[in-house]
4 protein chains.
Amino acid sequence: MKREKPKYMQIIDAAVIVIAENGYHGSQVAKIAKQAGVADGTIYLYFKNKDDILISVFKEKMGVFIERLREIAHRPISTEEKLYELVKNHYTILQNDHHLAIVTQLELRQTRKPLRTKISDILREYLSLYDYILKEGIENGVLKDSIDIRLLRQAIFGMIDETSTSWVMTGQKHNLVSLTDEVHQLILHGLKK
Amino acid sequence: MKREKPKYMQIIDAAVIVIAENGYHGSQVAKIAKQAGVADGTIYLYFKNKDDILISVFKEKMGVFIERLREIAHRPISTEEKLYELVKNHYTILQNDHHLAIVTQLELRQTRKPLRTKISDILREYLSLYDYILKEGIENGVLKDSIDIRLLRQAIFGMIDETSTSWVMTGQKHNLVSLTDEVHQLILHGLKK
Amino acid sequence: MKREKPKYMQIIDAAVIVIAENGYHGSQVAKIAKQAGVADGTIYLYFKNKDDILISVFKEKMGVFIERLREIAHRPISTEEKLYELVKNHYTILQNDHHLAIVTQLELRQTRKPLRTKISDILREYLSLYDYILKEGIENGVLKDSIDIRLLRQAIFGMIDETSTSWVMTGQKHNLVSLTDEVHQLILHGLKK
Amino acid sequence: MKREKPKYMQIIDAAVIVIAENGYHGSQVAKIAKQAGVADGTIYLYFKNKDDILISVFKEKMGVFIERLREIAHRPISTEEKLYELVKNHYTILQNDHHLAIVTQLELRQTRKPLRTKISDILREYLSLYDYILKEGIENGVLKDSIDIRLLRQAIFGMIDETSTSWVMTGQKHNLVSLTDEVHQLILHGLKK
DNA sequence: AATGAATGAGAGTTCATTCAT
DNA sequence: AATGAATGAACTCTCATTCAT
């Protein structure tokens, strides 16, 4: 006997697929409902409105990023190694889920302010783990203490995010995870020879 | 005799203001026309359709970034100095035009694929100047030659773009240009002490 | 319990009235929706677009002409009598529905090519019944066999259509059906004494 | 030195071509102006508005039909011969000007009421010549005197018009004028053997 | 007489959300 | 809990006409 996933996750998963395949603007509630195998109205038993679906998609999926990075942050390894795992983790999750990669890197950015604000809130939890690792690195004398920690965090995230977006936009052809070494080098030592 | 700005630039400038103040989705053609002081129909004498306005806004404004960076790229100064000016130039233009900053960092990203593709094409010209500077730096033995140049470019642009976006999202309160030194440090030498 | 006509026919009927009273160009979808007592959007649950409403109106209404003429064509009566009933049938349907008469004789002709082509296709089925009767008449030696059947059909339809249009344009004042005898005479024997 | 046609006829002729090639709805004033080689505004020095162009087109072109039919009506020939020439004249003019045929048989019918009323007025003069010939035929005892003259006129015009329209709609492939004999037969003697 | 840049009113269609069943 | 038919607000673009030059 087939045990159905609870409808909530069923709808979340449907949304990721529909958005990845049709783009944010081509993803009507009716389409998501059909993909999930439920009626249009049923969606509204589990989500307040369409934005709520998207926020929930992002929250659920970011949960994976956060969970794994939290584990990394607490491993008994060096800051350099933690930063290496941070990059690798981000790339790995995206590379393993092409639909998710499209949704987070491209589609979810085409949203208006209220939604974008909610997305930022969720991202904040992920980025606070960056801060945790960076703070530790500074305290241990491994990282520069002359630069504002928010700026360090933005610099790292900016590099990872931009490289991920480029990878998605060029059709996800090359191997994203294999960039880890080089990006790790750049984060720690910069471009100078 | 009243000498008016040519209507084309008049509409472009109106569009930047309207989009910055109302968001991309709140910027109806009628609103842009009103801000520009022309009739709705007049817009269509100068632009093919609404998307064409947005593309033209981006093209005209990126033109400033490109023009100034081109001049920097050809100055008789060191690669390190060129990279410094590159960062400073980007931050300066955004800081001097708050409306433009909102439009490029937030609003113009919420666009659907055909428009985004056009925007990418325009961005490419700007980024090819990054490549020019980077290539020169590698040839002169100043920059690492072990890392793919596209990756270097993405890393730099990612840092600048992410820090700019954060600045816009936090209300453009601090001084963006004053981040130049630190970001320049990070680009060249990374986070490691 | 309120038994409503199915919405499809409700909208068709509303369209005939609205077009007859406001003319083809004065018949906005919103006006038809209001007359039908449904929301604008409901129209699009039953029709692909505005043209589809008009095509459906013509198809449904021509259905009556066709159905009755088909019955006449198969009656065990002479060709002369069939032609008499053919004329009378056409006139009777128009005279009994003033709105329909205006729509078919005047308004539906002001349409652009794609729509007109669809209308021609529907008309073809009606005219093929003319052919059936004419062919039978020729085979039975009642009608001239020296003239192309398509030309005979066009001549008959041309007379009926032109007299109907004149009747509509002059305000439907005289009795259209009462022309049947004379027109029948002309069809069979011409103007010559 | 090239003596230019007066602009009035230049615009009329341009209108016929533009309407025939683009259809009534595709014939913007700007397009007609361009074809005529004048500025948009110039049109309004010669015509009150767009409808006035169309009415003038019809009036000018019907003038040819009328002029030739008037000459026929007054020839010293029999009523049967006059009716023969009437049909032949109509077909000949249409066959010799493909653009005109499209405009009168198809495009000019897609117009709203006020314009159509004006067109009817112009047509009336043409049809009064039908009446003249028919009256003469009745008085001479050649034609039936039992049928209303308006009905006779509508029957004849209906046949000619419907056959002309069919010819245009099927791409003007066969020879229209060669239908004259058969149509003349039908008008005089009907379908009966 | 001729120009052509500027005007601005007007309507088809989509889709998130509701609610009677 | 689940359905899905019905709702109705919202916006781009065209084109006949004007009028300053």
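A salt bridge is a side-chain nitrogen of Lys or Arg within 4 Å of a carboxyl oxygen of Asp or Glu. In this predicted model, Arg75(A) forms one with Glu71(A), with the closest N and O atoms 2.9 Å apart. Over all chains, the structure holds 44 salt bridges. The briefing also covers two DNA strands, a cavity and a backbone feature.

The model is predicted, so local features need pLDDT of at least 70 and side-chain atom pairs pLDDT 80 or more, while totals for chains, interfaces and linings use all residues. Residues are numbered from 1 along each chain as its sequence is written, chains are lettered from A and ligands numbered from 1 in the order in which they are written, and side-chain values use heavy atoms, leaving out hydrogens and water.

**Salt bridges**

- Side chains of opposite charge can pair when their charged atoms come close.
- Arg75(A) is partly exposed at 29% relative accessibility, and Glu71(A) is partly exposed at 43%. (Buried means under 20% relative accessible area, exposed over 50%, and partly exposed in between, with a 1.4 Å probe and protein chains only.)
- Arg153(A) and Asp131(A) meet in a salt bridge at 2.9 Å, N to O. Arg153(A) lies in helix α8 (residues 149-169) of chain A and Asp131(A) in helix α7 (residues 113-139) of chain A, so the pair ties together parts that are 22 residues apart in sequence. Both residues are buried. (Helices, H or I with at least four residues, and strands, E with at least two, are DSSP runs numbered from the N terminus.)
- Lys192(D) and Glu80(C) also meet in a salt bridge, at 3.4 Å from N to O. Lys192(D) lies in the segment after α9 of chain D and Glu80(C) in helix α5 (residues 79-96) of chain C, so the pair joins two chains. Lys192(D) is partly exposed at 26% relative accessible area, and Glu80(C) is partly exposed at 22%.
- Glu71(A), Arg75(A) and Glu85(A) are joined into one network by salt bridges that share partners.

**DNA strand E**

- There are 26 residues around DNA strand E, the closest being Thr42(B), Tyr46(B), Gln28(C), Thr42(D) and Tyr46(D). (A residue is near a molecule or strand if one of its heavy atoms lies within 4 Å of it.)
- Of the strand E atoms within 4 Å of the protein, 73% belong to sugar and phosphate.
- A polar side-chain atom of Thr42(D) lies 2.4 Å from a phosphate oxygen of strand E. (A polar contact is a pair of N or O atoms within 3.5 Å; within protein, one must be able to donate a hydrogen and the other to accept it, and residues adjacent in sequence count only if both atoms are side-chain atoms.)
- An N or O atom in the side chain of Gln28(A) is 3.0 Å from a phosphate oxygen of strand E. For Val29(C), a polar backbone atom is 3.0 Å from a phosphate oxygen of strand E.
- Helix α3(D) gives the largest share of the surface near strand E, 5 residues.
- That surface divides into 12 nonpolar, 9 polar and 5 charged residues. (Ala, Val, Leu, Ile, Met, Phe, Trp, Tyr, Cys and Pro count as nonpolar, Asp, Glu, Lys and Arg as charged, and the others, Gly among them, as polar.)

**DNA strand F**

- Of the 27 residues around DNA strand F, Thr42(A), Tyr46(A), Tyr44(B), Thr42(C) and Tyr46(C) come nearest.
- Sugar or phosphate holds 72% of the strand F atoms within 4 Å of the protein, and bases hold the rest.
- Polar side-chain atoms of Gln28(D) and Tyr44(D) each lie 3.0 Å from a phosphate oxygen of strand F. For Lys7(C) the distance is 3.4 Å, again from a polar side-chain atom to a phosphate oxygen.
- The largest share of the surface near strand F, 5 residues, comes from α3(A).
- By class, this surface has 12 nonpolar, 9 polar and 6 charged residues.

**Backbone at Gln172**

- Most residues other than glycine have a negative phi.
- Gln172(C) has a positive phi of about 55 degrees although it is not a glycine. Gln172(C) sits in the loop between α8 (149-169) and α9 (180-189) of chain C, and is buried at 12% relative accessible area.
- Gln172(D) likewise has a positive phi of about 55 degrees, and is buried at 12%.
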